[in-house]
Amino acid sequence: MRELELYRSHELAGKIGRLIRKYASALRSRGFKIIKLMNFCGTHEWTTVHYGLRGLMPREVELVAGPGCPVCITPSLCVEHAIKLSLEGVTVYTFGDAFRLPATREVRGARSLREAKALGGSVRVVYSFMDAIRDAAKRGCEAIFLAIGFETTAPGYAIPLARGLVPKNLKLLSALRLTPPAARHAILATVERGLEPVRGIIAPGHVSTVTGAEPWDRLSRELGLPAVISGFEPLDLMLSVVMLLRMIYLGRVGAEVEYRRLVTWEGNVLAKKFINEVFQVSDAAWRGLGVIPDSGLELTGPYVKYDAYREYGLKIPDGREDMPSGCRCADVIMGLAKPVECPLFMKVCTPSRPYGPCMVSSEGTCAIWARFGGGGLADKVAREVGL
Ligand code: SF4
C-alpha cells in the first residue's frame, strides 16, 4: 500500500512534471515542435486519461494511444465463428469483455456472443481458461475457448495444454497476438501517412514481465527511436516520459526499463518455454490493421489437435471488412485519431451499446474516453501539483 501511494504522490508528480518541462524546453530549443510518444497499451491509456496526464504535459509533448487492447483488435471473423458455433450447440467459453464484442457482420440474427446467448446459443463467461477446462471436463460437451490476449495471457493457455490438463472436447480458437510487431506497424503508419512521427515508445509493462525487455530493445534499434517499459501507476508513466525525453535529448536508442520492480531483461523464461512449445509464430490479422507479419500465435506440433480452426474447418481471419461502417477504431488504435473525432462517439456508440470494438473493453480507448473524458482530471491535478 505504501508503495502504491508513492507512485500516486502529488508532491513527486510536481517534481517529475518540472523535469518533463525542463527536457521538453531543451528539445524545443533544438527545433522539436511536437514530441509524439506512443503509449502502446490500453492500460497505459487508462492511466493517462484517468489521472489527466495529458493535461500535465507541456504543449510539445503529445501522448498518443496505440493498438494495445486485445479485445479491440480481435478480428470480427473470430467473433462470427464463435457466434455460429454457439448457435449450433457448441459451447463457447469466453471472457466478459469479449462477450459484448460486436462483430461487423450479423450471424443468424446475432452480432455478439451476448446476442447469440439471448437467441439460445451456448455461451459461458469465465474468468480464466482453467475455469473453462474444469467446466468442459465436467460436462463433456463439445466446446471452444475464444482465446484473446497478448504475451501476458499466452502462458495461461500454454501451460495447461503442455501439462495435458485440457480435455479432448475443448478446442482453442486462438486470437492470441504479439505486441512488438503491431507497435512497429502503428509507428510506421504515421510515417507512411506523412504525419508527425512517433519519437518514442512507452512499452507495456505487463507484456514485458513475460517477454522481458529484449524484444523492445530490438524494435527500438530497428526503428531508431527509444523505448521505455513502463508500469501502470501515474508516476510510472510520468517517469517514463522523463526517461524518453532524456533519451531523445541524448540521441539514445534501445530499451530502458522504468518498471524495474517486475520487468527483467530476459523476462519469464519458464513461461516463454511453454509458449514456444505449444505455439508457433504466424502472420495474423489485427482488427482494423490487417495482417501483420509474425504477430500471431497458432497451435503447433501435437497441440494442433486442440485447434478449433482445424476441427471446424474455420477460415483464418484475413483482416478484410473488419470494421463496422463509419467506425474509426482503425485510426484510434494507431494514434491517428482521437475518439471524439469519430462522429459516432457517444451518439450511436456508447459503453452500454458499443457499436465499434474500441468501446467495449476497459482497455479500449473509446471506452476509456467515454468514461473519464479525454482530459480527465488534468486541470485539477495540475493546480494541485503546482504546474
Ligand atoms: Fe468505433 Fe465507437 Fe470508437 Fe467510433 S466511438 S471509433 S464507432 S468504437
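1. A disulfide is taken here as a pair of cysteine sulfur atoms within 2.5 Å. The model is predicted, with local features needing pLDDT of at least 70 and side-chain atom pairs pLDDT 80 or more, while totals for chains, interfaces and linings use all residues. Residues are numbered from 1 along each chain as its sequence is written, and side-chain values use heavy atoms, leaving out hydrogens and water.

2. Two disulfides are found in the whole structure. With bonded cysteines counted along the chain, they follow the pattern 1-2, 3-4.

3. One disulfide joins C329 to C358, at 2.4 Å from S to S. This pair links distant parts of the chain, 29 residues apart: C329 is in helix α16 (residues 329-332) and C358 in the loop between α16 and α17 (365-372). Helices are DSSP runs (H or I, at least four residues), numbered from the N terminus. C329 has 3% relative accessibility and therefore counts as buried; buried means under 20% relative accessible area (1.4 Å probe, protein chains only). C358 counts as buried at 1%.

4. The sulfur atoms of C69 and C72 are 2.4 Å apart and form a disulfide. The torsion about their S-S bond is about 80°, so this disulfide is right-handed. Both cysteines, C69 and C72, are buried.

5. Why is C78 not bonded to C69? The sulfur of C78 is 14 Å from that of C69, the closest cysteine sulfur, which is too far for a bond. C78 is buried, at 0% relative accessibility.

6. Residues surrounding the ligand (a heavy atom within 4 Å) include C329, C349 and C358. C349 is buried, with a relative accessible area of 8%.

Terms used
Buried means under 20% relative accessible area, exposed over 50%, partly exposed in between (1.4 Å probe, protein chains only). Helices (H or I, at least four residues) and strands (E, at least two) are DSSP runs, numbered from the N terminus.
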